[in-house]
Amino acid sequence: AKLFPEVSFVGIDKDPERVFQTKQILQTRKIKNVEVYEADARTLSQFPDKSFDVVYSSAMFLYLSPESAKAAAAEMLRLARRAVILLEQHDGSLEEDRTKDGGVVGGTYWIRNYES
């Protein structure tokens, strides 16, 4: 946000503590072009269709069930005018920890295979 002061950024997080901490960081760093909201990525009705040029997600889908992931992806597509960018971590080395619904528990991440 500091590199692009002419651009407006909006962040959401479901965790009120994370939202509070982010707002404190933005205030401390005097960053004024970022708004942060407590919201659920599956239901973002407070934002109209095509509200954002780019919708970006970092490591959100790792923590969602397949049903929740579909709802969040649909919302991202609804909100994006130009692009959706997903940054996720996937590690196929944890096969021994595979769960019955396709998730993998191991290390510090819960990893799902959404291919199926």
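**Salt bridges, strand pairing and surface features of the predicted model**

Aspartate 40 forms a salt bridge with lysine 14, in which the closest N and O atoms are 3.5 Å apart. This pair links distant parts of the chain, since aspartate 40 belongs to the loop between S2 and S3 whereas lysine 14 belongs to the loop between S1 and H1, 26 residues apart. The coordinates analysed here are those of a predicted model. The two partners differ in their exposure class: aspartate 40 has a relative accessible area of 17% and is therefore buried, the limit for that class being under 20%, while lysine 14, at 53%, is exposed because its value is over 50%.

A salt bridge also connects the side chains of aspartate 40 and arginine 42, with an N to O distance of 2.6 Å. Arginine 42 has a relative accessibility of 31% and so counts as partly exposed. Lys14, Asp40 and Arg42 are accordingly linked in a network of salt bridges. In terms of polar contacts, the side chain of aspartate 40 meets the side chain of lysine 14 at 3.5 Å and the side chain of arginine 42 at 2.6 Å. The side chain of arginine 42 is additionally in polar contact with the side chain of serine 68, at 3.1 Å. Serine 68 is placed in helix H2, which spans residues 66-79, and its relative accessibility of 13% means that serine 68 counts as buried.

Five salt bridges are found in a search of the whole structure. One of them joins aspartate 53 and arginine 81, whose closest N and O atoms are 2.9 Å apart. Here too the pair links distant parts of the chain, with aspartate 53 in strand S3 and arginine 81 in strand S4 (residues 80-87), 28 residues apart. Aspartate 53 is partly exposed, with a relative accessible area of 39%; arginine 81, at 47% relative accessibility, likewise counts as partly exposed.

With respect to overall architecture, the protein chain contains two helices and six strands. Read from the N terminus, its elements follow the order β-α-β-β-α-β-β-β. The chain has 116 residues, of which buried residues make up 26%.

At the start of this order, S1, helix H1 (residues 16-28) and S2 make up a β-α-β unit that is right-handed. S1 and strand S2 (residues 34-38) run parallel and are joined by five bridges. Within this pairing, tyrosine 37 in S2 is the bridge partner of isoleucine 12, and glutamate 35 in S2 stands opposite valine 10. A further spatial relation involves glycine 11 and serine 57: the two are 46 residues apart in sequence, and their C-alpha atoms are 9.7 Å apart in space. Serine 57 is located in strand S3 and is buried, its relative accessible area being 5%.

Two loop residues stand out in their backbone geometry. Most residues other than glycine have a negative phi. Lysine 30, although not a glycine, has a positive phi of about 60°. This residue is found in the loop between H1 and S2; with a relative accessible area of 67%, lysine 30 is exposed. Lysine 50 also has a positive phi, near 55°, and is a residue other than glycine. Its place is in the loop between S2 and S3, and the relative accessible area of lysine 50 is 43%, which means that this residue is partly exposed. Aspartate 40 lies in the loop between S2 and strand S3 (52-58) as well.

At the surface, Leu3, Phe4, Val7 and Phe9 make a nonpolar patch of about 390 Å². Of these residues, leucine 3 lies in the segment before strand S1 (9-13). Leucine 3 counts as exposed because its relative accessibility is 74%, a value over the 50% limit for that class.

Key: Residues are numbered from 1 along each chain as its sequence is written. This is a predicted model: local features need pLDDT of at least 70, side-chain atom pairs count only at pLDDT 80 or more; totals for chains, interfaces and linings use all residues. Side-chain values use heavy atoms; hydrogens and water are left out. Patches are made of residues with over 30% relative accessible area and no salt bridge: like charges are joined within 9 Å, nonpolar side chains (Val, Leu, Ile, Met, Phe, Trp, Tyr) within 5 Å. Accessible areas come from the Shrake-Rupley method with a 1.4 Å probe; for residues, only the protein chains shown count as cover. A salt bridge is a side-chain nitrogen of Lys or Arg within 4 Å of a carboxyl oxygen of Asp or Glu. Helices (H or I, at least four residues) and strands (E, at least two) are DSSP runs, numbered from the N terminus. Buried means under 20% relative accessible area, exposed over 50%, partly exposed in between (1.4 Å probe, protein chains only). Two strands pair if DSSP finds at least two bridges between them. A crossover is right-handed if, with the strands pointing away from the viewer, the path from the first strand over the helix to the second runs clockwise. A polar contact is a pair of N or O atoms within 3.5 Å; within protein, one must be able to donate a hydrogen and the other to accept it, and residues adjacent in sequence count only if both atoms are side-chain atoms.
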